[in-house]
Amino acid sequence: MKVNRDNRLVILVICIILICIVTFLGFKTHGEVEELVQQQFNEQQLLLARQAALGIGEFADERVTIIEILARDRSEDSIDNITGCFKPIYEETSGFYSIEFIDTNGVVVYGYPEYRAPIGYNVYAENRSSVFGSARDLRETEISSSTALFEGGLGSFIWVPVYEGEEFRGVILGIIRMSTITDRFLTPIMQNRTGYVYLIDRNGKSLYDGTRREAIGKNYIKMLKEVNTNASWLEILNEQINGSEGTAVYLKEGDESNSEQIVAYAPVRWRDKIWSVGISVPASEVDHLIRSVYAKQMIFLSTVIAIILGGSFGLILMFSRWNKTLEAEVESKTCDLTRTNEELAQANERLKELDKLKSEFVSMVSHELKTPLAAMKTSAQVLELADVEEATQQEMLSIITRNIDRQTNLVNDLLDLSRVESGRLELKFVSVALDTVIADSIEIVKPAAEEKDITLNVELPAGLASVKGDSEKLTQVVINLIFNAIKFTPKHGRITLKAKETDGQVEVDVCDTGIGIPAEDLDKVFDKFYQVDSTLTRETGGTGLGLAICKGLIEAHNGRIWTESELGKGSTFSFTLDKWLKDKTD
């Protein structure tokens, strides 16, 4: 009996010791889990803010670039020809509220859509000529601060001067409605979530507020200073208008319970403008994540203590097992948060990469525009000489014609890509004979191939089935793929076009003996703005839009396009199209 009492006493002592140890570890884990979840949540919110900010900046920069290209490309055209481009730009690109032309006297003479253009409005008479005059005098694009529109809401105004040599011809004004930006990049962030998103400019003016529509257009900082409250949020806003990014905590304004809000903010950098995106969510969202872990922890502690008090020596093994379960749960929650943050970080890096590629693209397009302009200018100067021989005149006119075609092709590529991305591409599906498409394409690219002494081979099976598609667009795809192969195939190389029938489809292959593509770049060659080797591309010419356009056109045909390559041995670009069914009517 004494032994049993001693054993019970030993077990009781062991139970008490184990209970104390478990309780201590539980409280210690409590603090570690809370700190870890809080840190991961803050990083997740900051990545969301960065992603939205980068998206807004890229969207706005693309709209400015479109207007600038129009102003440079059409600077020598008549005003009617310049304004004639407004409608296709407005309809084939998204984001513009209206596009207007202001003449040298500061009067709006044309706009599209016409019902949104204040024809006859004089910026001088309305004392709004400062930005107009700045764009004219500096010969640079000017972007106004967000201003109230006649129809309501806020808008950003893009003023691009048009010069023909030294002659000022007027200003193209593009207006982006702020609600267009916020509906696309900010509103979706808080779907099915608690909290709100806001956007402010460098002066603290509210450009968007997801919960207080009445605050839009007002100055947050001025409002807070007038009521002399919420100093913590005022400090956050001051950090935002200085272009900083980060996370912070403030007390919710007007909340009697003084509930805490977590805010993550990141800057939007658009030319000389700095805006800031803020995402504000209740701190209770973090508590919800923590409670799910704490619930498991409390179940664990209660179960262990109950089993220990039951006096079973097997409690030690069970304790170890439950402890591992708890660690696995914490690790699982941590892994989920880490995985989410990694995915957001990858998306953020992708956006940064696209932003970099876009900058390189703009630089390349500028180069591609300047080069033919320089050639045309030189040829025109030669033609001005009085004693120019007729042969020389013909050669100069030929140079001018080629470079006009080159610029036209660049603008067409930009418009094609815009149509594909906006979903406004119109296709006329008919029965298309691929052998005819390939033959027509060969005739067009043959001079370029002969210039590099590249052999063009065509290997098509007899009786190749027709496909369902738009003949003109499919010809454009094949021409782009062959030109791409010619560009990166050395002299005396070989390009082979093949085709074969598969299950309900026809596969076309364009094979070359060129320099090849690194394996890590195979998944990116069809991306917009992406170039495997920008230096080599700059040397060989082109904007790098061809493969992106090919991908859009093939996918619009419900087809698939891909590439296989080996460095130093060449590349094969392939695409598939649905067969034209014999019993199908046009």
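**Group meeting: a sheet, a helix pair and one glutamate**

Okay, let's start with a single residue: E555 counts as partly exposed, because its relative accessibility is 40%, and that falls between the 20% limit for buried and the 50% limit for exposed. Keep in mind that this is a predicted model. So where does E555 sit? You'll find E555 in helix 14, which covers residues 546–556. Go 20 residues along the chain from E555 and you reach F575; the two C-alpha atoms are 9.6 Å apart.

Now, the sheet. It's an open one with five strands, ordered 8-7-11-10-9, and the pairing is antiparallel. At the edges you have strand 8 (206–209) and strand 9 (246–251), each with pairing on one side only. On average, neighbouring strands are turned by 25 degrees against each other, ignoring direction. Helix 7, residues 231–241, packs on this sheet and touches strand 7 (196–200), strand 9, strand 10 and strand 11. Its direction makes about 55 degrees with that of strand 7.

Let's look at one pair of strands there. Strand 10 (residues 260–270) and strand 11 (residues 273–282) share 10 bridges in the antiparallel sense. If you pick V263, its bridge partner in strand 11 is S280.

Last stop: two helices. Helix 11 (residues 434–451) and helix 12 (residues 471–487) have axes that come within 9 Å and cross at roughly 35 degrees, and the crossing is right-handed. Which residues make the contact? Among them are V437, I444 and A448 from helix 11, with L474, V478 and F483 from helix 12. Sorted by class, the contact has 12 nonpolar residues, three polar and no charged ones.

Note on methods:
Residues numbered from 1 in each chain as written. Predicted model: local features only at pLDDT ≥ 70, side-chain atom pairs only at ≥ 80, totals over all residues. Heavy atoms only, no water. Helix = DSSP H or I, 4+ residues; strand = E, 2+ residues; numbered from the N terminus. Buried < 20%, exposed > 50% of the residue type's maximum accessible area, 1.4 Å probe, protein only. Axes fitted to C-alpha atoms, helices over the stretch in contact; angles between N-to-C directions. Left-handed = near helix turned anticlockwise from the far one by under 90°. Contact = heavy atoms within 4.5 Å. Nonpolar A, V, L, I, M, F, W, Y, C, P; charged D, E, K, R; others polar. Pairing = 2+ DSSP bridges.
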